[in-house]
Amino acid sequence: MLKDGTYAAWYKTPLDQGTGIVHVADGQIWGRDSLMTYHGSLELDGDRFTATVSTKRHTEGRVTVFGVYDELTLAIEGTCPDKIATYTATAGQAGGVVLQGTLILTEQPAAVPERAGQVPTFNPDKLPKLPKRSR
C-alpha cells in the first residue's frame, strides 16, 4: 500500500529520464524535480493506486521527459506492495508517450539513544606509556 510519506522518484520515457521528490498525504500527491512541479489527487485500492497529476515548469532550459510539453495532466496507475511503488503514466497532451516510474519510500533513520551519565574528561596522562628506547 502506498503510505503517506516522502518518496524518491525515478522515471523514464523513450525520450529521457529523471529523478525527483514526491510527497503523499491524505489523498494528495505533490513534488518537484529539476524542471517541473507537480500536484494532484490520489486514490488507493489495496496495493493499487491511481492518481491525476498536473505539471508545471519552474525552470527554463532543456525539454522535459515528455518533450516540449510544459503543462500536462498525467493519468497514473501503479502498485505498491511494500516500500517501493512502480507506475506508468500517460498525458493526453503528449501523444501516447508512456512514462514508467518507481517511487521509493524515504525512511527516517532510527533515533540514536542518548548515553547515560557523563563522558569522562580526556586525560592524556592516563594513557599507557611506551617503553623508553635507547639510542
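Let's start with a charged pair: the side chains of Lys 83 and Glu 107 meet in a salt bridge, with N and O 3.0 Å apart. This pair links distant parts of the chain, since Lys 83 sits in the loop between strand 6 and strand 7 (84-91) while Glu 107 belongs to the segment after strand 8, 24 residues apart. Lys 83 is partly exposed, with a relative accessible area of 33%. Keep in mind throughout that this is a predicted model.

**The salt bridges**

How many salt bridges does a search of the whole structure find? It turns up 3. Here they are side by side.

| Pair | N to O distance |
|---|---|
| Lys 83 and Glu 107 | 3.0 Å |
| Arg 62 and Asp 16 | 3.1 Å |
| Lys 56 and Glu 71 | 3.7 Å |

Take Arg 62 and Asp 16, whose closest N and O atoms are 3.1 Å apart. Arg 62 is in the loop between strand 5 and strand 6 and Asp 16 in the loop between strand 1 and strand 2, so the bridge ties together parts that are 46 residues apart in sequence. Both ends have some access to the surface: Arg 62 is partly exposed at 44% relative accessible area, and Asp 16 counts as partly exposed at 28%.

Then there is the bridge between Lys 56 and Glu 71, at 3.7 Å from N to O. Lys 56 lies in strand 5 and Glu 71 in the loop between strand 5 and strand 6, so this pair ties together parts 15 residues apart in sequence. Here the two partners fall into separate classes: Lys 56 is partly exposed, with a relative accessible area of 47%, whereas Glu 71 is exposed, at 54%.

**The largest pocket**

If you're hunting for a cavity-like feature to look at, the largest pocket has a volume of about 410 Å³. It is lined by 28 residues, and the closest to its centre are Tyr 11, Asp 33, Tyr 38, Leu 74 and Leu 99. Which elements give two or more residues to that lining? They are strand 1 (5-12), strand 2 (17-25), strand 3 (28-33), strand 4 (36-45), strand 5 (48-57), strand 6 (73-79) and strand 8 (98-105). As for chemistry, the lining divides into 19 nonpolar, 7 polar and 2 charged residues.

**The nonpolar core**

The largest nonpolar core holds 29 residues, and those touching the most other members are Leu 2, Val 22, Phe 49, Phe 66, Leu 74, Ile 76 and Leu 103. Strands 1, 2, 4, 5, 6, 7 and 8 each give two or more residues to this core, and the largest share, 4 residues, comes from strand 7. Leu 74 turns up twice in this story: it is among the residues closest to the pocket centre and among those touching the most other core members.

Leu 103 is a good place to see who meets whom. Setting aside neighbours within four places in sequence, Leu 103 is in contact with Leu 2, Tyr 7, Ala 8, Ala 9, Val 22, Lys 83, Ile 84, Ala 85 and Tyr 87. Lys 83 on that list is the salt-bridge partner of Glu 107.

**Two residues in strand 7**

Ala 89 and Thr 90 make a nice pair to compare. Ala 89 is found in strand 7, and so is Thr 90. Are they buried or exposed? Ala 89 is buried, with a relative accessible area of 1%, while Thr 90 counts as partly exposed at 36%.

Leaving out residues up to four places away in sequence, Ala 89 touches Leu 74, Ala 75, Ile 76, Val 97, Val 98 and Leu 99. On the same basis, Thr 90 touches Thr 73, Leu 74, Ala 75, Val 97 and Val 98. The C-alpha atoms of Thr 90 and Thr 73 are separated by 8.3 Å, with their positions 17 residues apart along the chain.

**Two loop residues**

Thr 64 lies in the loop between strand 5 and strand 6, yet counts as buried at 5% relative accessibility. Beyond its neighbours within four places in sequence, Thr 64 is in contact with Leu 35, Met 36, Arg 57, Tyr 69 and Asp 70.

Asp 26 lies in the loop between strand 2 and strand 3 and is exposed, with a relative accessible area of 70%. Its backbone is worth a glance: phi of Asp 26 is near 50°, a positive value in a residue other than glycine. Most residues other than glycine have a negative phi.

Notes:
Residues are numbered from 1 along each chain as its sequence is written. This is a predicted model: local features need pLDDT of at least 70, side-chain atom pairs count only at pLDDT 80 or more; totals for chains, interfaces and linings use all residues. Side-chain values use heavy atoms; hydrogens and water are left out. On a 1 Å grid over the protein atoms alone, a cavity is a set of points where a 1.4 Å probe fits but cannot get out, and a pocket is an open set with protein on both sides within 12 Å along at least five of seven lines; lining residues have an atom within 4 Å of a point. Grid points are joined across faces, edges and corners, and a volume is the space filled by probe spheres set on the points. Ala, Val, Leu, Ile, Met, Phe, Trp, Tyr, Cys and Pro count as nonpolar, Asp, Glu, Lys and Arg as charged, and the others, Gly among them, as polar. A salt bridge is a side-chain nitrogen of Lys or Arg within 4 Å of a carboxyl oxygen of Asp or Glu. Buried means under 20% relative accessible area, exposed over 50%, partly exposed in between (1.4 Å probe, protein chains only). A nonpolar core is a set of buried Ala, Val, Leu, Ile, Met, Phe, Trp, Tyr and Cys residues joined through side-chain atoms within 4.5 Å. Contact means heavy atoms within 4.5 Å.
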